[in-house]
Amino acid sequence: KIFEFISHMARAYPIEVVISNEARDFILKRALDHPEYGARLIVDKIDEYLRIPIARMIGSGQIEKADKIFVGLENNKLGFYKSYKPALRLSEENRI
């Protein structure tokens, strides 16, 4: 589902999203807390941790077309970075 989200973003809004293994595992761990909910919980967690924050950053102008966004894990929180450079960290309010 995470890979579906990335390819959807590439088609819907031309940005590249790269998710580190640690960030992916962070999201999946939270999605697998309740296996009785199945894939619905995975979709909900992708929305909560990726789609909504990225949509907010697009809406605020922090992310523009053709940007490359790296999603990493830092201090047990997801961080969104442009072009793999932590120096270009997006605003602290967009950290989860």
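**A three-stranded sheet and its helices**

Of the 96 residues in the chain, 35% count as buried. The model is a predicted one. The chain holds 3 helices and 3 strands, and along the sequence they follow the pattern α-β-α-α-β-β. Among contacts between residues at least 6 apart in sequence, 53% join residues at least 24 apart.

The sheet is a convenient place to start. Its 3 strands form an open sheet with mixed pairing, in the order S1-S2-S3. Strand S1 (16–19) and strand S3 (77–82) stand at the edges and have a single partner strand each, so one side of each is left without a neighbour in the sheet. On average, neighbouring strands of this sheet are turned by 25 degrees against each other, direction ignored.

S1 pairs with strand S2 (residues 68–74) in the parallel sense, over 4 bridges. Within this pairing, Val 17 has Ile 69 of S2 as its bridge partner, and Glu 16 stands opposite Lys 68, also in S2. In a regular strand, side chains alternate between the two faces of the sheet. S1 has a covered face, made up of Val 17 and Ile 19, and an uncovered face with Glu 16 and Val 18.

Next come the helices. Helix H2 (residues 21–31) lies across S1, S2 and S3 and runs at about 65 degrees to S2. Helix H3 covers residues 39–59. H3 has 21 residues and reaches 28 Å from its first C-alpha to its last, which is close to the 30 Å expected at 1.5 Å a residue. H3 also contains a kink of about 45 degrees, centred on Asp 47. After H3 comes Gly 61, whose phi is positive, near 85 degrees.

What do the buried residues of H3 pack against? Their partners are helix H1 (2–12), S1, H2, S2 and S3. The buried residues themselves are Leu 41, Ile 42, Lys 45, Ile 46, Tyr 49, Leu 50, Pro 53, Ile 54 and Met 57.

One residue in that list is Lys 45, which carries a charged type of name but is best judged by its computed area. Is Lys 45 buried or exposed? Its relative accessible area is 16%, and buried means under 20%, so Lys 45 counts as buried. Leaving aside neighbours within four places in sequence, Lys 45 is in contact with Ile 27, Arg 30, Ala 31 and Leu 50.Another link between H2 and H3 involves aromatic rings. The count of aromatic pairs comes to 1. Phe 26 and Tyr 49 form this pair, which is edge-to-face, with 5.4 Å centre to centre and 75 degrees between the planes. Phe 26 lies in helix H2 and Tyr 49 in helix H3, so the pair ties together parts that are 23 residues apart in sequence. Both Phe 26 and Tyr 49 are buried. Tyr 49 is thus among the buried residues of H3, whose packing partners include H2.

Definitions and conventions:
Residues are numbered from 1 along each chain as its sequence is written. This is a predicted model: local features need pLDDT of at least 70, side-chain atom pairs count only at pLDDT 80 or more; totals for chains, interfaces and linings use all residues. Side-chain values use heavy atoms; hydrogens and water are left out. Two strands pair if DSSP finds at least two bridges between them. Helices (H or I, at least four residues) and strands (E, at least two) are DSSP runs, numbered from the N terminus. Axes are lines fitted to C-alpha atoms, for helices over the stretch in contact, and angles run from 0 to 180 degrees between N-to-C directions. Contact means heavy atoms within 4.5 Å. Buried means under 20% relative accessible area, exposed over 50%, partly exposed in between (1.4 Å probe, protein chains only). The expected span of a helix is 1.5 Å times one less than its number of residues. The bend at a residue is the angle between axes fitted to the seven residues ending there and the seven starting there. Rings of Phe, Tyr and Trp (its six-membered ring) pair if their centres lie within 6.5 Å; planes under 30 degrees apart count as stacked, over 60 as edge-to-face and the rest as tilted.
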